[in-house]
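Colleague: Could you take one part of this model and go through its surroundings carefully, giving the cut-offs behind each term as you use it?

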Amino acid sequence: MKSIIYLFVFSISGAIFAQDFTLPELQFSYDAYEQGIDAKTMEIHHSKHHRGYVRKLNKAVSESKLEGKSLEDLLMYASYRTLGVRNNSGGHYNHTLFWEILTPTTEKSAPGIPSKSIENAIKKHFGSMDALRKQLSVAAAKRFGSGWAWLVVTPNKDLVVSSSPNQDNPIMDVSDVRGIPILGIDVWEHAYYLRYQNKRGDYLSAIWSLLDWGVVSEKYDAALNSPLLAKIEKENWPEKNAFHKVLAQTFHAAEKGDFKPLRNMSGALYAQAILLQDSDIPKPLLKPEVSLALVRLEKKCGALNKLVGKNAREKALMKMIVAVHDIFHEVQGLCHD
Ligand SMILES: [Fe+2]
């Protein structure tokens, strides 16, 4: 009986601990940010919205059986995740960053100033802090609907401004600009509506006075040497992702005995293989094995397309798509070395 109770307690606690994303505490009280953001907005934003993202993220992760994956991993392969994982992993990561870079001026605190290294980088990439502020404000103001404006360290170690919709961010493989965000401005209405209503521009001015450039500078230095940046560089290969999408649609259906997608899309698969072979291979992957595998992949896809054109039997098609799949996984393996 005792062991049954232990087992029961163990499985309950196991179930709880499997959901390991938690809401971070704010460093200051909700009313400390009044100079830019009112206490009610801070409270609702943190304790309701962010808490909601964390709760829904844990649920989505559990439903997708992705427990144990790091937040960065969930973000990095967003295009392969469910919408619940994509939106809520972004929601959790983006808000955590947002809270970290905001410091109100109080008796005990004041926002830090930019370090020499980020100051030089801002000068190099934007001309001045003022020019950066303008670019960030334009990116934030122009973001249609809900989303974020970012200052990003790219794999080339450049600093760029970008924006993304909803809760997407530059770590995600769905993002046009890839890299590590070191500063993010939340432009969802829930971030400012109580005080600023539809005046997003006024909110952006107010946020500027809360930005802690000391924290942003630390994030800049950390991003430059982060293994995550190197990983993003390897994975920043849109043509490979595009090929993978068509391959997944055709191969998995064929595996289940449905050859219709393959017969309909063999031309598209061949076209993606040509684009992939002609694409710029990410710098860390510039090695002969990768180039040679891509040439073989294109040839096999061409042969597969010919077979479909000849209305070949399923057995022959299956043999060829398996060969295509094997070569692609060889490329994937080389990417992950
Ligand atoms: Fe938000």
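Modeller: I would begin with Met172, which is buried, with 22 other C-beta atoms within 10 Å; a residue is called buried if 20 or more other C-beta atoms lie within 10 Å of its own, exposed if 12 or fewer, and partly exposed in between, with C-beta atoms placed from the backbone. This is a predicted model, in which local features need pLDDT of at least 70 and side-chain atom pairs count only at pLDDT 80 or more, while totals for chains, interfaces and linings use all residues. Residues are numbered from 1 along each chain as its sequence is written.

Met172 sits in the loop between S2 and S3, where helices (H or I, at least four residues) and strands (E, at least two) are DSSP runs numbered from the N terminus. Leaving aside neighbours within four places in sequence, Met172 is in contact with Leu75, Met76, Ala78 and Gly90, contact meaning that the C-beta atoms of two residues, placed from the backbone, lie within 7 Å. From Met172 to Val187 there are 15 residues in sequence and 19 Å in space, C-alpha to C-alpha.

The two strands that flank this loop belong to an open sheet of three strands, ordered S2-S1-S3 with antiparallel pairing; strands are taken to pair if DSSP finds at least two bridges between them. Strand S2 (159-165) and S3 stand at the edges, and because each has a single partner strand, one side of each is left without a neighbour in the sheet. Neighbouring strands of the sheet are turned by 25 degrees against each other on average, direction ignored. Strand S1 (residues 147-153) runs antiparallel to S3 and is joined to S3 by six bridges, and Val153 has Ile180 as its bridge partner in S3. Although S3 is an edge strand, seven of the seven residues of S3 (residues 180-186) are buried, so S3 is largely enclosed by the rest of the structure.

Helices lie against this sheet. Helix H6 (residues 129-142) lies across S1, S2 and S3 and runs at about 15 degrees to S2, whereas helix H9 (residues 213-224) lies across S1 and S3 and runs at about 145 degrees to S3; axes here are lines fitted to C-alpha atoms, for helices over the stretch in contact, and angles run from 0 to 180 degrees between N-to-C directions.

In H6, the buried residues are Leu136, Ala139 and Ala140. They cover an arc of only 95 degrees around the axis, which puts them on the same side of H6, the arc being that of the directions from the helix axis to the C-beta atoms. Asp130 and Lys142, on the other side of H6, are exposed. The buried residues of H6 are covered by elements including S1, S2, S3 and helix H8 (200-208).

H8 in turn has Tyr203, Leu204 and Ile207 buried. Seen down the axis of H8, these buried residues fall within an arc of 100 degrees, so they line one face of the helix. Their cover includes H6, S3 and helix H7 (193-196). Both H6 and H8 thus have S3 among the elements that cover their buried residues.
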